[in-house]
Amino acid sequence: MFSQSSVNIPAALILILLSVLQVKVDCKPAGQTVVKQTCSTPCWPEGNCYYSWYRYPGSWNREIIGCSYGATVWFISTSSSDQDRYYCEVQNGAAPQQKCKLDWAVIYTPGRVCGLKGSSVDLSCSYKHPEGLTVKRSLWYIESQWKFGAEPEDVRRSDQYEGRVQYSRTLNSSRMTITDLRESDAHTYSFRFYTEDPDGRYSGRPGVTLSVTDLKVTVSDTDGGVKKLTCSSTCTLPNNPTYIWYRNGQPVSDQNRNELELRDRTVDAGSYSCAVKGYEELGSPAVYSPRPPSVSETEVNGSVTLVCVSDSTPASSYTWFRKTGGNITQFGEGASLTLAAGADGVFYCTAENPYGSSTSSEWTLTSGVLWDVMLPFYQTISQKSGLLC
């Protein structure tokens, strides 16, 4: 369904006419050679229509000028040859077969950007507007923070971005650069521009989505028992970056992918970290297997607590063992082990993370009194006297 209206356009003036359907076309000069037209028939349902514009050059064989998604368009009238009859049609519940030439647009390239925490990133777009209008100012804003009925806040005016945002605009493109990226910078940003006409302003929505990531090393086991390290990020970094691996702080030669295989635990032992070439200072934290744990003892109110501590990244999980003669029994889990007064035995702990494990020295408790373990979740079977302890 559509509604129709028409006007006559002389060299630099449009005569307002009303069609039989009483669809009003408002025409207001926006400059010496620019004429603004507004097709006032409402769009229904809202946001699901477009406007077709036609010219009748002295006959009833109409000539399409173009279409617009908005009710207002701007035409340039430069000579008497522009004097003709013009119509607009409101196409409800439909989409044009091709992109509208008389409309506004902002195109973001790319639509999603991944930036490394601490680095700089460029958000870019191209834009267009009807001929005859001139862009007077522009800005970028955070889409989720734009309140209905108000003008959006320029990113540069936010305290969060002070000194970290720069704009660069050419005739039909704009670029926003954000430096020293932070996780809080992850938003969808939109570009908005303003022309000399009060109605000639436009925002490109949805905008470009920025994700911010850091690097971390993860480990997995392959079918052959080889450990594979991966330099991972929460989003895909652009431009197929080159990766750098470090072992004990020194670059690993001939390794430029985001994966590294460790085939010999003895030769390949050490701490590992990764970085992206060009951003070496923004590398991942180092990861390494547990160092040999140390055991310490404290006594409170007659109870003895053993504590197992190992330096490792990521943090280790701990397991306790008790040694009696030639038998070794798993005795508890966690960094600390609390024993009742009079406990005795030989104890040691192991620390383990995805990169390996390490065992402490033995710790001996001697009292001559049967021991008891104050761990409610733990049960063990003792062969002494056939009793369950």
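This is a short guided tour of the protein, one selection at a time.

**The whole chain**

Start with everything shown as a cartoon, and keep in mind that you are looking at a predicted model. What kinds of elements does the protein have? There are 31 strands and zero helices. Of the 389 residues, 43% are buried. Switch on the surface, and about 22,100 Å² is exposed, with carbon and sulfur atoms supplying 49% of that area. Contacts are worth a thought too: among those between residues at least 6 apart in sequence, 61% join residues at least 24 apart.

**The largest nonpolar core**

Next, select Trp140, Val155, Met176, Ile178, Tyr189, Phe191 and Leu210, and show their side chains. These residues have the most contacts inside the largest nonpolar core, which has 25 residues. To see where the core comes from, colour strands E9 (105–108), E11 (121–128), E12 (135–142), E14 (173–178), E15 (188–195) and E17 (208–213); each gives two or more residues to this core. Which strand gives the largest share? It is E11, with four residues.

Now zoom in on Ile178. Leaving aside residues up to four places away in sequence, Ile178 touches several others, among them Ser119, Val121, Tyr161, Arg164, Tyr189 and Leu210.

**A second core**

Move on to Cys231, Cys235, Leu262 and Tyr355. They are included in a second, separate core of 18 residues.

**Strand E22 and its partner**

Stay with Leu262 and select strand E22, residues 259–262. Which side chains here are buried? Leu260 and Leu262 are, and they point to one face, while Glu259 and Glu261 point to the other face and are not buried. Add strand E19, residues 227–232: E19 and E22 run antiparallel and are joined by four bridges. Look for Lys227 in this pair, as Lys227 stands opposite Leu262.

**A three-stranded sheet**

For the last stop, select strands E21, E20 and E23. In that order they form an open sheet with antiparallel pairing. Why do E21 (250–251) and E23 (272–276) each have one side without a neighbour in the sheet? Both stand at the edges with a single partner strand, so one side of each is left open in this way.

Finish with the pairing of E20 (residues 243–247) and E23, which is antiparallel and extends over five bridges. You can pick out one of the partnerships by selecting Tyr243 together with Val276, its bridge partner in E23.

Key:
Residues numbered from 1 in each chain as written. Predicted model: local features only at pLDDT ≥ 70, side-chain atom pairs only at ≥ 80, totals over all residues. Heavy atoms only, no water. Buried < 20%, exposed > 50% of the residue type's maximum accessible area, 1.4 Å probe, protein only. Contact = heavy atoms within 4.5 Å. Areas by Shrake-Rupley, 256 points an atom, 1.4 Å probe, with all protein chains shown as cover. Pairing = 2+ DSSP bridges. Core = buried A, V, L, I, M, F, W, Y, C linked by side-chain atoms within 4.5 Å.
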